[in-house]
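Reader: Please guide me through this structure with short, reasoned answers, giving the criteria behind each term.

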Amino acid sequence: MKNKLIWFCRISVGLLFIFSGLIKANDPLGFSYKLEEYFEVFHMTWLNGFALSLSILLCALEMILGFALLVGARAIQVIWGLLLLIIFFAFLTFYSAYFKVVQTCGCFGDAIPLTPWQSFTKDLILLLLVLVLFVDRKTVKSLTNAKTGDKLLIGATIVSIGFGLYTYNFLPVLDFLPYKVGANILQEMKTPPGAPADEFEVTYVLKNKNTQDTKTMSDKEYLKSGIWKDTAWAVQGSPESKLIKKGFEPKIRDLNIQDAQANNYNQELLSSPFYSLWIVAYNLDDTNPEAVNRINALAANLTQNYNTRTIFLTSNAPGNAQKFAKEHKLVSELFYADGVPLKSMVRANPGIMLIKNGTVINKWHFHNMPKYEDIVKNYLSK
């Protein structure tokens, strides 16, 4: 029975760590944004410049430790590493949940969003399983000899880090974001008729003018009891509203595409029946200038030969963006949106999206941007 328990914990922890690391490594840039949120909470913003590197390494570490546990390579050191890592994660998720700071921990990326308390519960269960392994760590045997185990670890390290580098440079293999290929942006912004709304509970604090007694009750209790008819009781301060049940929430709720005069262009740009090319560069200060020039040449050819509408989306201030456009001789129309949705549109700076009828037809990282001939052949000439 003890041996079965060890194997159950070993397989469960190993697979969960591999899955957790793999799903985050699928989108290391997205995980780096989550790390930056934690850095801000703990006043460590000086680490922001290392967020991406830490993201790739942390994801790789999870996968490597999970794999090593399954094969039993360097078991004692691996279990120590797992214990320290899960204690660290449990602290972060508890801190997020208790102090309500980072409301999604990013444990499983955007694939499986968890609330902070759900994340903390998951980490507690994992901690318990790891503690079982830690107590009997000397009984965890390797499936191979030591030399083969080390070779497997080297291979796992290369694959884990390589996967994170690949997805960073060529977009996630699986896109779980609301702007994924095939998604209709307008539809993702809508709330369907009859969808459940948020439910709130209002709490009143009442004080009796005669006895000075106080009572706290919900709005339902307040109405049902009829205490509001008693003039001796008066509401103290402002009633407190608390969300008790989350209603329907559109996947896209923060997209507001504007021109320099703050005119909204969502409907116009997303309802066009023609192909349009969107160049997304959420931060012009950090964008790749050589890539911008190559994409600009592509946009010029599409505009000239196919009258394709091309737009350049950024979160920078209009003055800075217009200066940038002049320096790079941009042929695209300039539009502006908040950096958060732009980061979700395409995990590249700059990135490219092909849009038609508000639907994302395709998107590319600037490292593998399509040639003019490919866009014509695969889309415009059909």
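Reader: What is the relative accessible area of Trp 117?

Author: This is a predicted model, in which local features need pLDDT of at least 70 and side-chain atom pairs count only at pLDDT 80 or more, while totals for chains, interfaces and linings use all residues. Residues are numbered from 1 along each chain as its sequence is written, and side-chain values use heavy atoms, leaving out hydrogens and water. Buried means under 20% relative accessible area, exposed over 50%, and partly exposed in between, with a 1.4 Å probe and protein chains only. Trp 117 counts as partly exposed because its relative accessible area is 44%.

Reader: Which helix gives the most to the nonpolar patch on the surface?

Author: Patches are made of residues with over 30% relative accessible area and no salt bridge (like charges joined within 9 Å; nonpolar side chains, that is Val, Leu, Ile, Met, Phe, Trp and Tyr, within 5 Å). Phe 94, Tyr 98, Phe 99, Val 101 and Trp 117 form such a patch, with about 510 Å² of accessible area together, as computed by the Shrake-Rupley method with a 1.4 Å probe and only the protein chains shown as cover. Trp 117 belongs to helix H5 (residues 116-135); helices (H or I, at least four residues) and strands (E, at least two) are DSSP runs numbered from the N terminus. With three residues, the main contributor to the patch is helix H4 (residues 75-99).

Reader: Which residues does Leu 16 contact, leaving aside its neighbours within four places in sequence?

Author: Leu 16 is part of helix H1 (residues 2-25), and it is partly exposed because its relative accessibility is 30%. Contact means heavy atoms within 4.5 Å. On that criterion, with the neighbours within four places set aside, Leu 16 touches Phe 108 and Leu 126.

Reader: Which strands stand at the edges of the five-stranded sheet?

Author: Two strands pair if DSSP finds at least two bridges between them. The open sheet has the order E7-E6-E5-E8-E9, with mixed pairing. Each edge strand has a single partner, so one side of each is left without a neighbour in the sheet: these are E7 (333-336) and E9 (359-365).

Reader: By how many degrees are neighbouring strands of this sheet turned against each other on average?

Author: Axes are lines fitted to C-alpha atoms, for helices over the stretch in contact, and angles between N-to-C directions run from 0 to 180 degrees. For neighbouring strands of this sheet, with direction ignored, the average turn is 25 degrees.

Reader: What angle does the direction of helix H10 make with that of E5?

Author: Strand E5 (residues 276-280) runs parallel to strand E6 (residues 309-314), and five bridges join them. Within this pair, Val 280 faces Leu 313 in E6. Helix H10 (residues 289-306) packs on the sheet and touches E5, E6 and strand E8 (351-356); relative to E5, its direction makes an angle of about 165 degrees.

Reader: Across which strands does helix H11 lie?

Author: Helix H11 spans residues 318-328 and runs at about 155 degrees to E7. The strands it lies across are E6 and E7.

Reader: Which peptide bond is cis, with omega near 15 degrees?

Author: Pro 350 sits in the loop between helix H12 (339-345) and E8. The cis bond leads into this proline, from Asn 349 to Pro 350.

Reader: What is the relative accessible area of Leu 171, a residue with positive phi that is not glycine?

Author: Phi of Leu 171 is near 75 degrees, and the residue is in the loop between helix H6 (146-170) and helix H7 (185-188). Leu 171 counts as buried because its relative accessible area is 10%.

Reader: How far apart in sequence are the parts that the pair of Glu 333 and Arg 309 ties together?

Author: A salt bridge is a side-chain nitrogen of Lys or Arg within 4 Å of a carboxyl oxygen of Asp or Glu, and the structure holds 14 of them. The side chains of Glu 333 and Arg 309 form one at 2.6 Å, N to O. Glu 333 is in strand E7 and Arg 309 in strand E6, so the pair joins parts of the chain whose separation in sequence is 24 residues.

Reader: Which residue pairs with Arg 309 from helix H9?

Author: Arg 309 also takes part in a salt bridge of 2.9 Å, N to O, with Glu 268. This pair links distant parts of the chain, 41 residues apart, with Arg 309 in strand E6 and its partner in helix H9 (residues 266-270), namely Glu 268.
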